[in-house]
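Got your viewer open? Let's walk through this one stop by stop, picking a selection each time and looking at what is there.

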Amino acid sequence: LPKGDGTDVSAISVAEDPAEDTLVDLDLDLTDVESLQTLSVEEYTNRPIEQLSTKELREVIMDEKWSDIDYAWAAYRRLASFEMSDAIGLDNYTELDVELLVKLSRRLAKERKETKRRTQELYLRIAAVLNRLRQERGRRGFPYLKSREWNILLYCSGTGQRGRIPPATFNKVLQVYQDMMEDVMDARRAGLHILASRMEPDIVTYNTLIHIAVQTQHQPAVNRAQELLRSSNLRIDRITRLSMIRHVYRNEGLYGVTSLLRSMKPDEIGADGLCAFLTCAGLDHRMSIIDETYVVLRRNLTDVKEAIDQSDPSLSEQTIEIEGFEVSRSLVPSEEIYNFTIQTYAYHDRPIQALQVFMDMLSTRRSYPDGEFFQPTFAAFRGLFIGFAKHGERASTDGASVAWSWERLEVILDVLFELHDRINLGERAIWWIMAGVRKTTAPESQYRQQVWAKLKSHFHVPLRGRLKGLDIRIGEEKQKSSDDL
């Protein structure tokens, strides 16, 4: 969710789900999401959910060590089913107390942000939990959501679709905002002024509205979001400005973006702001800017190491200029910047640079000197696989060097298969891998069959659409090879 200082660039990225209508009424009933559980909990644990005690079900939801949100959701539904049993006759009895519901709503929101799982299914789960939270608070005479909970609902109602957000979706987000304001006024009329102050829209609310409005690429939507922010009399923060970068780029180009960043303090820009700027530079095909910026950030990394070794705190107070605006000399490549740089180099047919940045990433600690090393991410793999699918070549018969070769793809695939328990591949990523294998290997070779077999054994490969057709063709190739023998 967009928030104050410290939010990374993922908070201002476009969601990647094809669903268009992601908003449902706030009074969504639990029965509306009964069909959403599509995965059996036995896939995540040796113990069936029906065998867990009430205490254990609560622990599954409350304890972060249960990293799989689908299992936590199954535990929530199991607890909810207890209330429907005739064995429980106490009117005020509930295992779904406020503390548990708040925890589950935050876990669902965290899942949405960290894994980029932005489907309508996950939104419906969040809406159902928040609706139940209102009910439980209503038992105590306060049937309201706090501003943080409204912000979760607001953000999730406007995202969950791929590419440009339709203006109609923004109008639905405004309806959620209106519901939020009506709740605030209702609390004030009830004399609950302290509670109402905790329900009022904050800067996160308006940053969220601006973020969604910018994704519509519709000027009236952006104007409306800005009007609401101005009428609130709240002070804008760095996220407000960073959320406007894409809009400024579309209207004023890269020069407008540099002007916006020039108006910010060097320590306000951060890695997320710089990554947003580099994204615009990439859209502008200004590869020289990306080259120079990456070199500067890697040099900063060396300076940071030296400053820490020498116990010199002055580095954080020094700045360095990038394309007319200044950033702190303590700013170093983040995971988002590594991912973006790899993706951009791969897309623009620069394999050596893409692979070099990939190696830089894996050999760098997150925070010097005691942080863990960066791990390969799905975004980095995806960028490389797109590069092979787009630019891959088979080995030349005259011995000439091939940049996007099978040998290099094979090394990356070996790393991917080693990390299969930490990387989730989508349908498109699997397709890009196989497209890269096809482009870099001869038709008569068995590499395609081998890679396909490994993908099916290491990852969940949904055999539908073009992947089903690919599976059939590879099966036919395998049969033909057997017949030839």
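Helices here are DSSP runs of H or I with at least four residues, strands are E runs of at least two, and both are numbered from the N terminus. With that in hand, switch to a cartoon view: the protein chain has 20 helices and two strands. Keep in mind that this is a predicted model.

**The whole chain**

Before zooming in, colour by burial. Of the 485 residues in the protein chain, 49% count as buried. Now put a surface on: the chain exposes about 24,100 Å², and carbon and sulfur atoms supply 48% of that area. If you draw a contact map, look at the contacts with a separation of 6 or more; 70% of them come from residues 24 or more positions apart.

**Stop one: a positive patch**

Leave the surface on and select Arg106, Lys146, Arg148 and Arg198. These residues gather in a patch of positive charge on the surface. Centre on lysine 146, which you will find in the loop between helix 4 (120–139) and helix 5 (147–158). Is lysine 146 buried or exposed? Somewhere in between: its relative accessibility is 37%, so lysine 146 counts as partly exposed.

**Stop two: aspartate 183**

Hide the surface and pick aspartate 183, which sits in helix 6 (residues 167–189). Aspartate 183 counts as buried because its relative accessibility is 9%, and the cut-off for buried is under 20%. What does aspartate 183 touch, leaving out residues up to four places away in sequence? Show Arg134, Pro143, Tyr144, Leu145, Trp150 and Met199 as sticks, and you have its contacts.

**Stop three: salt bridges within helices**

Time to look at charge pairs. Side chains of opposite charge can pair when their charged atoms come close. A search of the whole structure turns up 16 salt bridges, and here are some to click on.

Begin in helix 4 with glutamate 136 and arginine 132, which are four residues apart, about one turn of the helix. Their closest N and O atoms are 2.9 Å apart, and the two form a salt bridge. Check the accessibility on both sides: glutamate 136 is at 1%, so it counts as buried, and arginine 132, at 10%, counts as buried too.

Next, slide along helix 6 to arginine 189 and aspartate 186, three residues apart, again about one turn of the helix. Their side chains meet in a salt bridge, with an N to O distance of 3.9 Å. Arginine 189 is exposed, with a relative accessible area of 63%, whereas aspartate 186 is partly exposed at 33% relative accessibility.

Then jump to helix 9 (residues 219–232) and select arginine 224 and glutamate 227, which lie three residues apart, about one turn of the helix. The closest N and O atoms of this salt bridge are 3.8 Å apart. Arginine 224 is partly exposed at 39% relative accessibility, and glutamate 227 is partly exposed at 40%. For a network, go back and add Arg139 to your earlier pick: salt bridges that share partners join Arg132, Glu136 and Arg139 into one network.

**Stop four: two positive phi values**

Plot the backbone torsions and find glutamine 217, in the loop between helix 8 (203–216) and helix 9. What is phi of glutamine 217? It is near 55°, a positive value in a residue other than glycine. Glutamine 217 has a relative accessible area of 42%, so it is partly exposed.

Now go past helix 9 to asparagine 233, which has its place in the loop between helix 9 and helix 10 (238–243). Phi of asparagine 233 is near 65°, a positive value in a residue other than glycine. Asparagine 233 counts as exposed because its relative accessibility is 70%.

**Last stop: a negative patch**

Bring the surface back and select Glu292, Glu321, Glu323 and Glu326. Together they form a negative surface patch. Glutamate 326 is found in strand 2 (residues 325–328), and its relative accessible area of 39% makes it partly exposed. To finish, show this selection alongside the patch of positive charge formed by Arg106, Lys146, Arg148 and Arg198.

Key. Residues are numbered from 1 along each chain as its sequence is written. This is a predicted model: local features need pLDDT of at least 70, side-chain atom pairs count only at pLDDT 80 or more; totals for chains, interfaces and linings use all residues. Side-chain values use heavy atoms; hydrogens and water are left out. Patches are made of residues with over 30% relative accessible area and no salt bridge: like charges are joined within 9 Å, nonpolar side chains (Val, Leu, Ile, Met, Phe, Trp, Tyr) within 5 Å. Accessible areas come from the Shrake-Rupley method with a 1.4 Å probe; for residues, only the protein chains shown count as cover. A salt bridge is a side-chain nitrogen of Lys or Arg within 4 Å of a carboxyl oxygen of Asp or Glu. Lys and Arg count as positive and Asp and Glu as negative; His and the chain ends are not counted. The place of a charge is taken as NZ of Lys, CZ of Arg, CG of Asp or CD of Glu. Buried means under 20% relative accessible area, exposed over 50%, partly exposed in between (1.4 Å probe, protein chains only). Contact means heavy atoms within 4.5 Å.
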